[in-house]
Amino acid sequence: MPINRPLLSDSDLQEAVDRKLPVRVFEDDHLVNSGGTVIRFTDSDVVIQSRVSDLTYYSRRRCEFFEVRP
C-alpha cells in the first residue's frame, strides 16, 4: 500500500523535486493529477510535469500536494 506524505513547506517541495517521486494533486477535494513530478515551485504555484511536453501549473493556496511512496 503506498504512503501519501503531504508536501506542505518549501523544503518538502524541494525534496520532491530532488528525488523525482510521483505526486498527487487535490483541488477542492478532487484528485486532479496523479503520477506527475514536481519540476519547479514558487511561493504561489507548483509546476507538475506528467509527460515530456505536459506541464501543469497549480496554485499552492487552492491545492494540496502529496508525495506517493511505494
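Student: Where is the place of D29 in this model?

Tutor: D29 sits in the loop between strand 2 and strand 3. Strands are DSSP runs of E with at least two residues, helices are runs of H or I with at least four residues, and both are numbered from the N terminus. The model is a predicted one, in which local features need pLDDT of at least 70 and side-chain atom pairs count only at pLDDT 80 or more, while totals for chains, interfaces and linings use all residues. Residues are numbered from 1 along each chain as its sequence is written, and side-chain values use heavy atoms, with hydrogens and water left out.

Student: What is the sign of phi in D29, and is D29 buried or exposed?

Tutor: Phi of D29 is positive, at about 65°, although D29 is not a glycine. For burial, the terms are buried for under 20% relative accessible area, exposed for over 50%, and partly exposed in between, with a 1.4 Å probe and protein chains only. D29 has a relative accessible area of 70% and is therefore exposed. D28 belongs to the loop between strand 2 and strand 3 as well. Its phi is near 55°, again a positive value in a residue other than glycine. D28 also counts as exposed, at 55% relative accessibility.

Student: In what order do the 6 strands stand in the sheet?

Tutor: Strand pairing is read from DSSP, which must find at least two bridges between two strands. Here the 6 strands form an open sheet with the order 1-6-2-3-4-5 and antiparallel pairing. Strand 1 (3-6) and strand 5 (54-59) each have a single partner strand and stand at the edges, so one side of each has no neighbour in the sheet. On average, neighbouring strands of this sheet are turned by 45° against each other, direction ignored. Such angles are taken between N-to-C directions and run from 0 to 180 degrees; the axes are lines fitted to C-alpha atoms, for helices over the stretch in contact.

Student: How many bridges join the paired strands, and which residues stand opposite each other?

Tutor: Strand 2 (residues 23-27) and strand 6 (residues 63-69) run antiparallel and are joined by 5 bridges; F26 is opposite E64 of strand 6. Between strand 3 and strand 4, also antiparallel, there are 4 bridges, and F41 faces V46 in strand 4. A hairpin of 3 residues connects strand 3 with strand 4. Strand 4 and strand 5 pair in the antiparallel sense over 6 bridges, with D45 opposite S59 in strand 5. The hairpin between strand 4 and strand 5 runs through 2 residues.

Student: Which strands does helix 1 lie across?

Tutor: Helix 1 (residues 10-19) lies across strand 1, strand 3 (30-41), strand 4 (45-51) and strand 6. Contact here is defined as heavy atoms within 4.5 Å. The helix runs at about 85° to strand 3.

Student: Which residues make the nonpolar surface patch?

Tutor: Patches are made of residues with over 30% relative accessible area and no salt bridge; nonpolar side chains (Val, Leu, Ile, Met, Phe, Trp, Tyr) are joined within 5 Å and like charges within 9 Å. The areas come from the Shrake-Rupley method with a 1.4 Å probe, and for residues only the protein chains shown count as cover. I39, L55 and Y57 make a nonpolar patch of about 280 Å². L55 is found in strand 5 and is partly exposed, at a relative accessible area of 41%.

Student: How many salt bridges are found in the whole structure?

Tutor: Side chains of opposite charge can pair when their charged atoms come close. A salt bridge requires a side-chain nitrogen of Lys or Arg within 4 Å of a carboxyl oxygen of Asp or Glu. The search finds 9 of them in the whole structure. One of them joins R5 and E15, with the closest N and O atoms 3.4 Å apart. This pair links distant parts of the chain, R5 in strand 1 and E15 in helix 1, 10 residues apart. R5 is partly exposed at 23% relative accessibility, and E15 is partly exposed at 27%.

Student: Which residue other than E15 forms a salt bridge with R5?

Tutor: R5 forms a salt bridge with E67 too, at 3.2 Å between the closest N and O atoms. Here R5 in strand 1 is linked to E67 in strand 6, 62 residues apart. E67 is buried, with a relative accessible area of 0%. R69 forms a salt bridge with E67 at 2.4 Å, and R69 counts as partly exposed at 27% relative accessibility. Through shared partners, salt bridges join R5, D12, E15, R19, E67 and R69 into one network.
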